[in-house]
Amino acid sequence: MKRFAGLLVVVLAAAGVLWADSALSINGAGATFPYPMYSKWFDEYHKKNANLQINYQSIGSGGGIKQVTEGTVDFGATDGPMNDEQLKAYQDKHGSGILHFPTVLGAVVPTYNIPGVTAELNFTPDALAGIFLGKITKWNDPAIADANKGVKLPADDIVVVHRAEGSGTTYCWTDYLSKVSDEWKTKVGKGGSVNWPVGLGGKGNEGVTGTIKNTPDSIGYVELIYAESNKIPYGNVKNASGVFVKASLAAVSAAAAGAAKEMPDDFRVSITNAPGKTAYPISTFTWLLIPEKFSDAAKRDAIKGFVKWMLADGQNYAEALSYAKLPKEVVAKETKAIDKIQ
């Protein structure tokens, strides 16, 4: 009996070793913007592929670009596409390129905490640029009040909150401001990390959301799901057609409609300040950054399998988390691009 028990232990131990050998772990890092979506996806995909574990660190788009370039993660994630200089840095280090795969669409919203004000505020492009430039400093400034007739705004000082680290959410926000304000474009410009004229820094969408919740008279920008899940108000933004639009799945999809039909082969595209009466103006794709070449065939095949699933079944999870699905034209183009992963 003892001999049988001992043999059983050996067999079970061997089985455990075999399982451990067959298990595969893939690591990624980057954007906080799509973190709720990616968490859901990686969990669901693991249920279908028990021997594959995809781990993701929500550290900001700048960190994702840095880590995938340094080779410390298997893939990165960003809400602002890598620029030519960053692509060259990756190519120089690895001898091959990196691919952008759009995953979902989202919106960046101006969210605020004004004691005593429960109304849904309207913001013009001039007002948002002026606030973040530090030129509009009071909540009852005419640039804000004129778009919110009937709302009693206080004479309190505005507290600006922005991201502290390199961020794709910041890229989307500053890309928009650069399109609607020549002064912003000249003095600050667009980027994942910029020299802010004013404001407090918060780490991640989570940090900005928390700072706004705890700071009276504050305003900041976060991805839509963070405003909704934390039940903090966010404003309507005047779009390129002159209509104040509230961020929604339909309004984000409307912003992407034009780009979907003329999507470049590398998928690097901006849809901020898009035309159309129903388009929400601060919308963006968010991207996975996947190396063109893998030395580990198992990881390569696992990532290709996940991307195929993400473009098909995975899209069905998007809307429940306040992200818009990819347009069908983009899905078709990406499905073909999977073959570029070698």
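Which strands does helix 9 lie across, and at about what angle does helix 9 run to strand 8? I shall answer that directly, and then describe the sheets and the helix contacts. Please bear in mind throughout that this is a predicted model.

Helix 9, residues 204–213, lies across strand 2, strand 4, strand 6 (159–163), strand 7 and strand 8 (218–223). To strand 8, helix 9 runs at about 150°.

Allow me a word on confidence. The average pLDDT for the protein is 93, and 94% of the residues score at least 70. Residues 1–21, however, have a pLDDT below 50, and this stretch has two contacts in the model beyond near neighbours in sequence. Where pLDDT is low, the predicted coordinates should not be read in detail.

I turn now to the sheets. One is an open sheet of eight strands with mixed pairing, in the order 2-1-3-11-4-8-6-7. At its edges are strand 2 (52–58) and strand 7 (200–202), each of which pairs on one side only. From one strand to the next, the twist averages 25°. Strand 1, residues 24–30, runs parallel to strand 2, and seven bridges join them. Opposite L24 stands L52 in strand 2.

Another open sheet has three strands, ordered 5-9-10, again with mixed pairing. Strand 5 (122–123) and strand 10 (244–245) each have a single partner strand, so each has one side left without a neighbour in the sheet. Strand 5 and strand 9 (residues 236–238) run parallel and are joined by two bridges. Within this pairing, N122 has N236 of strand 9 as its bridge partner.

Next, the helices. Helix 3 lies across strand 1, strand 2, strand 3 (75–78), strand 4 (98–113) and strand 11 (283–291), at about 155° to strand 3. Helix 3 (residues 61–70) also crosses helix 4 (residues 84–94) at roughly 20°, the axes coming within 9 Å. These two helices are therefore roughly parallel to each other. In their contact, I65, V68, T69 and E70 of helix 3 meet Q86, A89, Y90, K93 and H94 of helix 4. Of these residues, four are nonpolar, three polar and two charged.

How do helix 2 and helix 12 pack? Helix 2 (residues 35–48) and helix 12 (residues 297–311) pack at an angle of about 110°, with axes 11 Å apart. They are therefore roughly perpendicular to each other, and their crossing is right-handed. On the helix 2 side, W41, F42, E44, Y45 and K48 meet A302, G305, F306, W309 and M310 of helix 12. This contact comprises seven nonpolar residues, one polar and two charged.

Terms used. Residues numbered from 1 in each chain as written. Predicted model: local features only at pLDDT ≥ 70, side-chain atom pairs only at ≥ 80, totals over all residues. Heavy atoms only, no water. Pairing = 2+ DSSP bridges. Helix = DSSP H or I, 4+ residues; strand = E, 2+ residues; numbered from the N terminus. pLDDT = per-residue confidence, 0-100. Contact = heavy atoms within 4.5 Å. Axes fitted to C-alpha atoms, helices over the stretch in contact; angles between N-to-C directions. Parallel < 35°, antiparallel > 145°, perpendicular 65-115°, else oblique. Left-handed = near helix turned anticlockwise from the far one by under 90°. Nonpolar A, V, L, I, M, F, W, Y, C, P; charged D, E, K, R; others polar.
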